Amino acid sequence: LCNIGSAQVQKGKMEDALEKYELGLRILRLLNDKHGGAECLHNMGAANFNDGNTELAVKLFDEAFQINRSLKDARAATMCLNSLKAAYIRLGDALQASQCVSLMEEYFPDTEQQSVAEQLEEQLREAQERGDLDEQASLHMKLGDSMQKLEHLALEHYKQALAIQEDQGDE
């Protein structure tokens, strides 16, 4: 059923997909299939994230992460953390997103994880290419938040966000 849910997501039938995921999750829980349940929770989180339900996605990703961590499945736990990081960035919570990166580095210390700032800078470049000033201002604010420990860098991003917002106010 979870695979059917994933197929429904690809077809853009989100309501049908979430129904299949819910039913599949109930069955997996009855069977005490924790790994399958965690995978289904992650898929439900991804469907909600893609549908704009970021707060619910965070809850689902976190539940999947907790299960994978208890199962000592580092790869699946890291996948959940990466999804959580993206959700926290969307919500503007750079501190939580950075904590996800730190946890990912604990699971795989020899691999380089994209930092929150790096991901935000990449999104900023894309927004600049599109000429999306609202998104640029928002990303500068998020970058400032993510660099709170490096006050001079944070201040520079806050100034750029303010300048963009002031320029838009003049139009």
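# Exercises on a predicted helical model

The structure holds two salt bridges (a side-chain nitrogen of Lys or Arg within 4 Å of a carboxyl oxygen of Asp or Glu). This is a predicted model, in which local features need pLDDT of at least 70 and side-chain atom pairs count only at pLDDT 80 or more, while totals for chains, interfaces and linings use all residues. Residues are numbered from 1 along each chain as its sequence is written, and side-chain values use heavy atoms, with hydrogens and water left out.

## Exercise 1: secondary structure and burial

Task: State how many helices and strands the protein has, and what share of its residues count as buried.

Solution.
1. Helices (H or I, at least four residues) and strands (E, at least two) are taken as DSSP runs, numbered from the N terminus.
2. The protein has nine helices and zero strands.
3. Along the sequence this reads α-α-α-α-α-α-α-α-α.
4. Buried means under 20% relative accessible area, exposed over 50%, and partly exposed in between (1.4 Å probe, protein chains only).
5. Of the 171 residues, 37% count as buried.

## Exercise 2: the salt bridges

Task: Identify the partners in each salt bridge and classify their exposure.

Solution.
1. One salt bridge joins the side chains of Glu 63 and Arg 29, at 2.6 Å from N to O.
2. This pair links distant parts of the chain: Glu 63 is in helix α4 (residues 54-70) and Arg 29 in helix α2, 34 residues apart.
3. Glu 63 is partly exposed because its relative accessibility is 33%; Arg 29, at 47%, also counts as partly exposed.
4. The side chains of Arg 130 and Asp 132 meet in another salt bridge, at 3.9 Å from N to O.
5. Arg 130 has a relative accessible area of 52%, so Arg 130 is exposed.
6. Asp 132 has 30% relative accessibility and therefore counts as partly exposed.

## Exercise 3: cysteines and rings

Task: Give the count of disulfides and of aromatic pairs, then find the charge over the face of Phe 49.

Solution.
1. A disulfide is counted for a pair of cysteine sulfur atoms within 2.5 Å.
2. The count by this rule is zero disulfides.
3. Cys 40 is buried because its relative accessibility is 1%, and Cys 80 is buried at 0%.
4. Rings of Phe, Tyr and Trp (its six-membered ring) pair if their centres lie within 6.5 Å; planes under 30 degrees apart count as stacked, over 60 as edge-to-face and the rest as tilted.
5. The structure holds zero aromatic pairs.
6. A charge sits over a ring if NZ of Lys or CZ of Arg is within 6 Å of the ring centre and within 35 degrees of the ring normal.
7. Arg 90 lies over the face of Phe 49, 3.6 Å from the ring centre.

## Exercise 4: positive phi

Task: Locate Asn 32 and Lys 72, and state the phi of each.

Solution.
1. Most residues other than glycine have a negative phi.
2. Asn 32 is in the loop between α2 and α3 (34-50), with a positive phi near 60 degrees.
3. At 56% relative accessibility, Asn 32 is exposed.
4. Lys 72 is in the loop between α4 and α5 (74-91), and its phi is positive, near 60 degrees.
5. Lys 72 counts as exposed because its relative accessibility is 74%.
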